[in-house]
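Visitor: I would like to learn how to read a structure like this one. Where should I begin?

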Amino acid sequence: MLADLTGFPPILLQVGTNELLLDDSVRLAKRARDAEVDVILDITAGVPHVFQSFIGQLDEADHALDRAALFITQRLQTP
């Protein structure tokens, strides 16, 4: 939480509203923005910790992994 984030690559943070680390994720996203890092904070309501592992069981997990794939794809495309 105290690291210098200057020069970090793009960051995608995915967190649930029931997540113990929600506040830390919000703080990290703010610190990244302050360091001019390309950051997306994706907050999903009512999901458990590591909800992305429930692919095929939770629609939210499927959508989160689709968003992660889009995030990566968009940043790998050459200008």
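Guide: We will go through the fold, the salt bridges, a buried threonine and the largest pocket. Bear in mind that this is a predicted model.

Visitor: Which elements does the chain contain, and in what order do they run?

Guide: Begin with the helices and strands. The chain has two of each, and from the N terminus on the order is β-α-β-α. As for its extent, the C-alpha trace spans about 35 × 35 × 15 Å along its principal axes.

Visitor: What share of the residues is buried?

Guide: A residue counts as buried when its relative accessible area is under 20%. Of the 79 residues in the chain, 27% are buried. The accessible surface comes to about 5400 Å², and carbon and sulfur atoms account for 59% of that surface.

Visitor: How much of the contact set joins residues 24 or more positions apart?

Guide: Taking contacts with a separation of 6 or more, 60% are between residues 24 or more positions apart.

Visitor: How many salt bridges are there?

Guide: The general idea is that side chains of opposite charge can pair when their charged atoms come close. Here the count is four salt bridges. We can take three examples in turn.

Visitor: Where do K30 and D34 lie?

Guide: Both are in helix α1, four residues apart, which is about one turn of the helix. Their side chains form a salt bridge with an N to O distance of 2.8 Å. K30 is partly exposed at 48% relative accessibility, while D34 is exposed at 54%.

Visitor: Which parts of the chain does the pair D38 and R75 tie together?

Guide: The side chains of D38 and R75 meet in a salt bridge at 3.0 Å, N to O. D38 is in the loop between α1 and β2, and R75 is in helix α2, so this salt bridge ties together parts 37 residues apart in sequence. D38 has a relative accessible area of 36% and is partly exposed; R75 is also partly exposed, at 30%.

Visitor: And what is the distance between the closest N and O atoms of R67 and D42?

Guide: For that salt bridge the distance is 2.4 Å. The pair links distant parts of the chain, with R67 in helix α2 and D42 in strand β2, 25 residues apart. R67 is partly exposed at 33% relative accessibility. D42 counts as buried because its relative accessibility is 14%, and the cut-off for buried is under 20%.

Visitor: Is T44 buried or exposed?

Guide: T44 is buried, with a relative accessible area of 10%. This residue belongs to strand β2. To see what surrounds a residue, look at its contacts beyond sequence neighbours. Leaving out residues up to four places away in sequence, T44 touches V15, G16, T17, F51, E60 and R67. R67 is thus a contact of T44 as well as the salt-bridge partner of D42.

Visitor: How much space lies in the largest pocket, and which residues are nearest its centre?

Guide: For a pocket, ask about its volume, then its lining. The largest pocket holds about 160 Å³ of space. Its lining has 13 residues, with Q14, V15, E19, L21 and H49 nearest the centre.

Visitor: Which element supplies the largest share of that lining?

Guide: That is β1, with four residues. Both β1 (11–16) and α1 (22–34) supply at least two lining residues each. By class, the lining consists of six nonpolar, five polar and two charged residues. V15 appears here among the residues nearest the pocket centre, and V15 is also one of the contacts of T44.

Definitions and conventions
Residues numbered from 1 in each chain as written. Predicted model: local features only at pLDDT ≥ 70, side-chain atom pairs only at ≥ 80, totals over all residues. Heavy atoms only, no water. 1 Å grid on protein atoms, 1.4 Å probe; cavity = no way out; pocket = protein on both sides within 12 Å on 5 of 7 lines; lining within 4 Å. Points joined across faces, edges and corners; volume = space filled by probe spheres on them. Nonpolar A, V, L, I, M, F, W, Y, C, P; charged D, E, K, R; others polar. Buried < 20%, exposed > 50% of the residue type's maximum accessible area, 1.4 Å probe, protein only. Contact = heavy atoms within 4.5 Å. Areas by Shrake-Rupley, 256 points an atom, 1.4 Å probe, with all protein chains shown as cover.
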